[in-house]
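Dear colleague,

Please find below the structure that I am handing over to you. My findings follow it, and I should be grateful if you would read them with the coordinates open.

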Amino acid sequence: MNFIIAGAIKAVKELYGQEIAENVINLQETRKEFEGQVTIVVFPIVRFSKKTPEEIAKDIGSYLQQNVAEVEGFNVVKGFLNLVIAESYWIDLFNNTLLQPDFLAVKSRGEKVMVEYSSPNTNKPLHLGHVRNNLLGYSVAELLKADGYDVVKVNLVNDRGIHICKSMLAWQKWGNNETPESSGLKGDHLVGKYYVVFDKEYKKEIDALKAEGQTEDEAKKNAPLIKAAQQMLLQWEQGDAEVVSLWKKMNGWVYAGFDVTYKKLGVDFDKYYYESNTYLLGKDTVEEGLAKGVFFKKEDGSVWIDLTTDGLDQKLVLRADGTSVYITQDLGTAQMKYDDFGMDKSIYVVGNEQDYHFKVLFLILEKLGKSWAKGLYHLSYGMVDLPSGKMKSREGTVVDADDLVAEMVATAKQKTEELGKINDFSDAEKEELYATIGLGALKYFLLKVEPKKRLLFDPAESIDFQGNTGPFIQYTHARIKSLLSKANYQFAPADYSKIKLSPTELEMVMLLAKYPTEITEAAKAYSPAFIANYLYEVAKLFNKFYHEVPPIIKEEDVAVKQHRLNICKIAADVIKSGMNILGIHVPERM
RNA sequence: GCCUCCAUAGCUCAGCUGGAUAGAGCACCGGUUUUCUAAACCGUAGGUCACAGGUUCGAAUCCUGUUGGGGGUACCA
């Protein structure tokens, strides 16, 4: 639509003798109740002439009609100049852009970006909150790829710390050598079970100590179990053979379990980082910061940074005993990641409870003079809450990832069977389809919401399969595919000299043509939700078109038939490509 | 206390850098199948865009304040 902007600028120059900037011309789509496709809002131009908005609109409208070939007519409503663009323009757009093989091709930007997501703790299985993280991270990575970035997906596994020792200790004491094999439990669930056991026993001890007269705080510190866990962490850090071997064994179970869940969710990583390998690294960065005078040492030997001039607090970066805290290791890991990949941008997909942490982290790296610090971005997303409140693994009030996926697949199976459209499928094909639909519903449900908004999930209300949902879009795709195959569709341009577009077809062309810009906008905002909502519009409009138009297969006019099938084909391609960005498969039949 | 995010229909959500009468889905009510998949389509109803000011020709959108909710403010990660 640049030719309209250029034309309008020229019009203002010739009619009123004023040079105006491009952003003064405010273009928008014409509302459906008026004639035309493109509207210029003339209010911003008013100050460049002495006329009223209506007069200006008429002036510019006539000018464009006379001087710009594509502008066929216009009408003025208040300060809005609605332009009627010639049909040939839309047909050319469809024929020369949408039907070209490179319409969906990715143009490389030659820039590398890293997306870190998932980042689980290894003491418990994944729950719905992690599912949102995983799907969001994966989708943002795919989105950036589609926008031409070179993407590296990484997972920083939090495999060490007191929380893991808790599971280990409980297993040692009460596990009776239970293994995934002996119990039939998935490894991560087995370890998670002992994390809950620890908490239960720990609470018992606290209650007992309180009964003896200790305060809550005292009891929490003095309980034998917590002391034993702390002792175990110390042994781990000292490399105690027995502890390390137990740690390896139990983490191994967890990794095997995570792999299954990741595979089911369809997410993957190019590289794993483990905190057990990176947690000491930050100490070098701390030395560097001390040398540069960015950090300072307190009397007890602890190292701090003063961020009060930036409106933040003083922040500890290294403990007095020389051990690292969360931010220490993140400083080190950030350096390591950059050394490994030299990326231009680095996205951290982490919940909004850590907004402050990342603000501090990025600020410190900037103060240390890291050239790459400006490319760091915290993609902060809202928590997933249950009607009962926050999910807590320790207390078992979580929606488990594996359970949820299983439930979605079961629902998909039930609905599909009710409809009875795929009775000729083999069992394997059926299972695959149920998984595709169930996961499609789940992924779309989580991704259609703006990442930073928090999400309420009510397990009692199942996720919809109708309306603005994944299955609706999948269905639309399947419907198109079925139509194309029944029509023995061959890709070819139609005889466009004979084509007239119906209003819905014209809308369809305009909407489909927006897909590439939609990707760029979504990528800029790191928001798969843009894509989800766009695809919903495409699917909805397609279904409207499908109902309006008489059966295409029986269409006798060859040009019209080919043209309509071409619209179907492009719609299916766009849906497939967009759903792919969301990590959702689209079936050929359902 | 301080910092930060959020508030749109009964419910779940769109609404892009301010633009025309605020849009969808679900649920509710009614209609559409001898024609390419009814997981679809069409229609009725449903709103003081939390509240109060301000900026502007124009505010759900920008600014200030108030209220309500989430999160943070740890030598946890």
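A polar contact is a pair of N or O atoms within 3.5 Å. On that basis, an N or O atom in the side chain of lysine 453 makes such a contact with a phosphate oxygen of RNA strand B, at 3.1 Å. Please note that this is a predicted model.

The RNA surface

Two further contacts with phosphate oxygens of RNA strand B deserve mention. For lysine 452, a side-chain N or O atom lies 2.5 Å from a phosphate oxygen of the strand. For tyrosine 326, a backbone N or O atom is the partner, and the distance to a phosphate oxygen of RNA strand B is 2.9 Å.

Several elements each give two or more residues to the surface near RNA strand B. They are strand E1 (26-29), strand E2 (38-41), strand E4 (80-85), helix H13 (326-341), helix H15 (401-419), helix H17 (470-486) and helix H20. Of these, H17 gives the most, with 7 residues.

In total, 63 residues surround RNA strand B, and those that come nearest are Arg319, Lys421, Tyr475, Arg479 and Lys486. On the RNA side, sugar and phosphate account for 59% of the atoms of RNA strand B that come within 4 Å of the protein. By class, the protein residues of this surface divide into 26 nonpolar, 16 polar and 21 charged.

Helix packing around H20

Helix H20, one of the elements named above for the RNA surface, also packs against two other helices. Which helix has its axis 10 Å from that of H20? It is helix H18 (residues 503-513), which packs against H20 (residues 528-548) at an angle of about 160°. An angle over 145 degrees counts as roughly antiparallel, and H18 is therefore roughly antiparallel to H20. Their crossing is left-handed. H18 contributes Thr504, Glu505, Glu507, Met508, Leu511 and Leu512 to the contact, while H20 contributes Tyr534, Glu537, Val538, Leu541, Phe542, Lys544, Phe545 and Glu548. These residues comprise 8 nonpolar, 1 polar and 5 charged.

The second partner is helix H19 (residues 515-524), whose axis comes within 8 Å of that of H20 and crosses that axis at roughly 155°. H19 and H20 are therefore also roughly antiparallel to each other, but the crossing here is right-handed. Tyr515, Glu518, Ile519, Glu521 and Ala522 of H19 meet Phe530, Ile531 and Tyr534 of H20. The contact has 6 nonpolar and 2 charged residues, with no polar ones. Tyr534 of H20 thus appears in the contact with H18 and in the contact with H19.

Helix packing at H13

Helix H13, likewise listed for the RNA surface, packs against helix H12 (residues 282-291). The axes of H12 and H13 come within 7 Å and cross at roughly 90°, so the two helices are roughly perpendicular to each other. On H12, the contact is made by Gly282, Lys283, Thr285 and Val286, and on H13 by Thr328, Leu331 and Gly332. The residues involved divide into 2 nonpolar, 4 polar and 1 charged.

With kind regards

Notes. Residues are numbered from 1 along each chain as its sequence is written. Chains are lettered from A and ligands numbered from 1 in the order in which they are written. This is a predicted model: local features need pLDDT of at least 70, side-chain atom pairs count only at pLDDT 80 or more; totals for chains, interfaces and linings use all residues. Side-chain values use heavy atoms; hydrogens and water are left out. Axes are lines fitted to C-alpha atoms, for helices over the stretch in contact, and angles run from 0 to 180 degrees between N-to-C directions. Helices (H or I, at least four residues) and strands (E, at least two) are DSSP runs, numbered from the N terminus. Angles under 35 degrees count as roughly parallel, over 145 as roughly antiparallel, 65 to 115 as roughly perpendicular and the rest as oblique. A crossing is left-handed if the near helix is turned anticlockwise from the far one by less than a right angle, and right-handed if clockwise. Contact means heavy atoms within 4.5 Å. Ala, Val, Leu, Ile, Met, Phe, Trp, Tyr, Cys and Pro count as nonpolar, Asp, Glu, Lys and Arg as charged, and the others, Gly among them, as polar. A residue is near a molecule or strand if one of its heavy atoms lies within 4 Å of it. A polar contact is a pair of N or O atoms within 3.5 Å; within protein, one must be able to donate a hydrogen and the other to accept it, and residues adjacent in sequence count only if both atoms are side-chain atoms.
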